[in-house]
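Thanks for coming, everyone. I would like to take a few minutes to walk through one structure, beginning with its core and ending with one of its helices.

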Amino acid sequence: MYVFRKILHQVGAQGGIQVVDDLVVPFLNYLVKMGRPGEAKSAILEAEKVLRPTIGSQMAKEIQKAKSQLGLW
């Protein structure tokens, strides 16, 4: 979780949708696979806070899609 947060904060919103596709979603999948849904929820909330996706943007849609697929919301 530490490395995820560190990379997320270093790249920040400048990374755009690629951060979601290459970092956030794979990490969420890993956490759920390892039986750690609480940490997955925390990670997606952290990603939303750092990335600040605009409502209706592709990034916001991808984050919502990831939440739904993982059964987080």
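**The core, the rings and helix α4**

The largest nonpolar core, meaning a set of buried Ala, Val, Leu, Ile, Met, Phe, Trp, Tyr and Cys residues joined through side-chain atoms within 4.5 Å, has 19 residues, and those with the most contacts inside it are Phe 4, Leu 8, Val 19, Val 24, Leu 28, Ala 43 and Leu 51. Two or more residues of this core come from each of α1 (2–11), α2, α3 and α4, and α2 gives the most, with seven residues. Helices here are DSSP runs of H or I with at least four residues, numbered from the N terminus.

Before going on, I should say that this is a predicted model, in which local features need pLDDT of at least 70 and side-chain atom pairs count only at pLDDT 80 or more, while totals for chains, interfaces and linings use all residues. Residues are numbered from 1 along each chain as its sequence is written, and side-chain values use heavy atoms, with hydrogens and water left out.

Turning to the aromatic residues, the structure holds two aromatic pairs, where rings of Phe, Tyr and Trp (its six-membered ring) pair if their centres lie within 6.5 Å, and planes under 30 degrees apart count as stacked, over 60 as edge-to-face and the rest as tilted. The rings of Phe 4 and Phe 27 have centres 4.6 Å apart and planes at 15 degrees, so this pair is stacked. It links distant parts of the chain, since Phe 4 is in helix α1 and Phe 27 in helix α2, 23 residues apart. The rings of Phe 27 and Tyr 30 are also stacked, with centres 6.4 Å apart and planes at 25 degrees. Phe 4 is buried, with a relative accessible area of 3%, whereas Tyr 30 is partly exposed at 40%; buried means under 20% relative accessible area, exposed over 50%, and partly exposed in between, with a 1.4 Å probe and protein chains only.

Finally, which residues of α4 are buried? They are Met 59, Ala 60, Glu 62, Ile 63, Ala 66 and Lys 67. These residues cover an arc of only 165 degrees around the axis, taken from the directions from the helix axis to the C-beta atoms, which puts them on the same side of α4. On the other side, Lys 61 and Gln 69 are exposed.
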